[in-house]
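Q: I'd like a close look at a single part of this protein, one of its pockets. Could you walk me through what surrounds it, and then add a few words on a sheet elsewhere in the chain?

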Amino acid sequence: MKKHEYIWSILIALLITTVDRTASADPAENRAIIVLDASGSMKQKIEGKAKIDIARGVIDELLVGWDKKTELGIAAYGHRDRNSCNDIETIVPVGKVNRKTVMSAVNALDPKGRTPISAAVQAAAEELKYTKNKATIILVSDGKETCSADPCKLVEELEKKGIDFTVHVVGFGIRDAEKSQLSCLAKNTGGQFLLAKNAKELNQAMKQTVAIVTTRKPDTEVGSGLTLHAVAIKGAEPLTSGLYWRFFEAKKGLDGKRKYVYAACPSGSCTPKLTAGRYLVRVEYDQAFAEKEIEVKTNARTEETLVLNAGVLKLNAVPKMGANPIESDLYWTIYEGKQSIDGKRNFVVNRSQKPYTTKLSAGRYFVKAQYDQAVATAEVEVKANEMSEKTLVLNAGALKLNALIKKGGDRVDRDLYWTIYEGKQSIDGKRNLIVSRSQTPCSAKLNAGRYFVKAQYDQAAATAEVEVKANEMTEETLILNAGALKLDALIKNGGVPIDRGINWKIYKAKPGIDGRRDIILSRSTVIPTINLPEGKYYVEAKYEKVSTGEEVEVKAGELTKKTLIFTTK
């Protein structure tokens with residue numbers, strides 16, 4: 001089976017799970033919506049095939065022999081507008097499945113836009129009338145929220161208001177920085193979060209998902225006398241909310257991993273329906289967790305308490321010592337304090353909250369605060385039943401960059417590409433890249449220090465060294481000293497401009513020591529307009545087998561027009 005088939009088989013398994021959970025229910029209660037990512041990244045290819053095309057094929061396969069008691073809807077986002085966070089549409093309303101109707105809508109999707117996960121999930125929940133009915137959403141995404149919303153906080157609210165609200169998430173090809181945001185949608189609603197990085201992991205995820213169906217038992221199953229509690233510290237009262245329970249077979253497989261076992265549990269104390277046997281129980285409380293092996297016995301009442309040994313960590317960041325805390329655009333990442341032999345640390349969580357407060361198991365951690373391109377790190381210790389606070393000093397300032405077409409001329413407001421490098425050069429004269437942006441003007445938060453910046457405007461460029469100071473705004477304006485050159489060509493004087501088939505080349509006017517001119521660019525466009533540094537150039541045009549060329553001078557802040565005449569016999 002190919003990699004992309006594994007990816008989408010996960011989706012199939014989740015849908016089977018949805019059917020299984022409610023197969024005996026009234027059709028009006030047995031309803032689900034697939035929220036399909038149709039953002040621009042879905043045009044990316046896996047094994048030569050676009051992700052969106054893979055999705056179309058799998059959804060078509062799902063519809064063959066669809067369970068008649070399960071109503072399905074399809075929602076999508078990012079398929080109509082490149083920059084809108086409101087581009088969310090129910091392309092197939094929830095109802096009985098009509099394969100032709102569904103595929104017509106799915107095949108019409110044109111991935112191009114952003115990733116408004118929060119708004120899409122909320123829209124799907126409302127369509128399912130989640131406050132009155134059971135509501136199951138299956139989100140398929142290859143990236144995180146890009147619309148300044150907090151999906152984790154949203155689903156917490158939906159879960160509180162919902163009757164039986166669940167979000168399953170399939171994330172494939174996602175980075176560590178995206179895991180926490182996507183996983184919390186499932187964790188906060190009792191759903192499943194499945195990752196797929198390669199064929200082996202996809203296969204394991206498929207088996208794990210199928211296990212949800214095959215191990216499902218009625219409420220009268222033996223072993224239902226097990227009751228589980230979790231406490232923050234030994235001797236404390238059991239926690240009544242915020243818990244996430246998971247169960248695994250105690251015995252490891254040949255691959256060293258334990259098989260996942262599905263058992264429904266609320267967010268407080270839990271009475272799972274498990275068959276007799278030994279299990280590994282894991283409970284999570286935000287980022288704090290505890291694990292314990294237990295034995296479930298037939299027709300016996302068993303009570304177990306897991307001790308989380310949890311503390312609270314509160315993080316703030318300031319641009320410099322003594323300044324006010326930063327209130328927006330902060331991105332936190334927490335790692336385990338211990339490093340492996342190769343110097344790496346295990347990832348724990350990331351969030352974009354400010355300030356960031358989280359619960360963690362007691363121990364040492366390494367935290368990183370990122371404020372745009374400014375970064376600060378620190379080691380912290382979390383103690384059980386205590387609040388630990390840490391303020392990181394970013395030593396950061398802001399840099400605002402503009403570019404003028406010439407000294408005293410107009411500001412360039414589009415088509416500018418900015419690159420910011422470290423000011424220090426290596427022994428080979430190279431600088432480390434910090435960030436590239438196409439904003440105008442370009443703004444960035446950076447650690448205090450010296451930087452080298454470059455503005456690129458088509459073929460014209462300007463550079464400068466700048467110094468950024470902590471908690472200050474530094475402004476720099478670069479002078480491009482550029483003009484525009486507009487070219488066209490005629491077969492003869494007074495003729496109609498040639499509108500296609502011309503290859504243009506622009507060279508430096510002055511030949512080198514070998515008598516050759518250095519080429520600047522080559523384009524095959526109709527009547528091109530090129531932005532160039534002020535100076536003299538040699539322009540060459542080739543049409544079919546005929547060539548012609550002339551020198552031309554470009555002046556800063558001016559538009560120079562040049563028409564080349566082809567002479568034919």
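A: Helix H6 gives the largest share of the lining of the second largest pocket, with 3 residues. Keep in mind as you look around that this is a predicted model. H6 spans residues 176-187, and the other elements that give two or more residues to this lining are helix H5 (151-161), strand S16 (330-339) and strand S17 (345-351). In total, 21 residues line the pocket, and its volume is about 660 Å³.

If you would like to start from the middle, look for Ser-148, Ala-149, Gln-181, Tyr-331 and Ser-352, the lining residues that lie nearest the pocket's centre. As for the chemistry of the lining, 8 of its residues are charged, 7 are polar and 6 are nonpolar.

Now for the sheet. Here you will find an open arrangement of 4 strands, in the order S24-S23-S26-S27, with antiparallel pairing. At its edges are strand S24, made of residues 433-437, and strand S27, made of residues 460-468, each of which pairs on one side only. On average, neighbouring strands in this sheet are turned by 20 degrees against each other, with direction ignored.

It helps to recall that strands of a sheet pair through backbone hydrogen bonds, in either a parallel or an antiparallel way. For a worked example, follow strand S26 (residues 449-457): S26 and S27 pair in the antiparallel sense over 9 bridges. A handy place to see this pairing is Gln-456, which stands opposite Ala-461 in S27.

Note on methods
Residues numbered from 1 in each chain as written. Predicted model: local features only at pLDDT ≥ 70, side-chain atom pairs only at ≥ 80, totals over all residues. Heavy atoms only, no water. 1 Å grid on protein atoms, 1.4 Å probe; cavity = no way out; pocket = protein on both sides within 12 Å on 5 of 7 lines; lining within 4 Å. Points joined across faces, edges and corners; volume = space filled by probe spheres on them. Nonpolar A, V, L, I, M, F, W, Y, C, P; charged D, E, K, R; others polar. Pairing = 2+ DSSP bridges. Axes fitted to C-alpha atoms, helices over the stretch in contact; angles between N-to-C directions.
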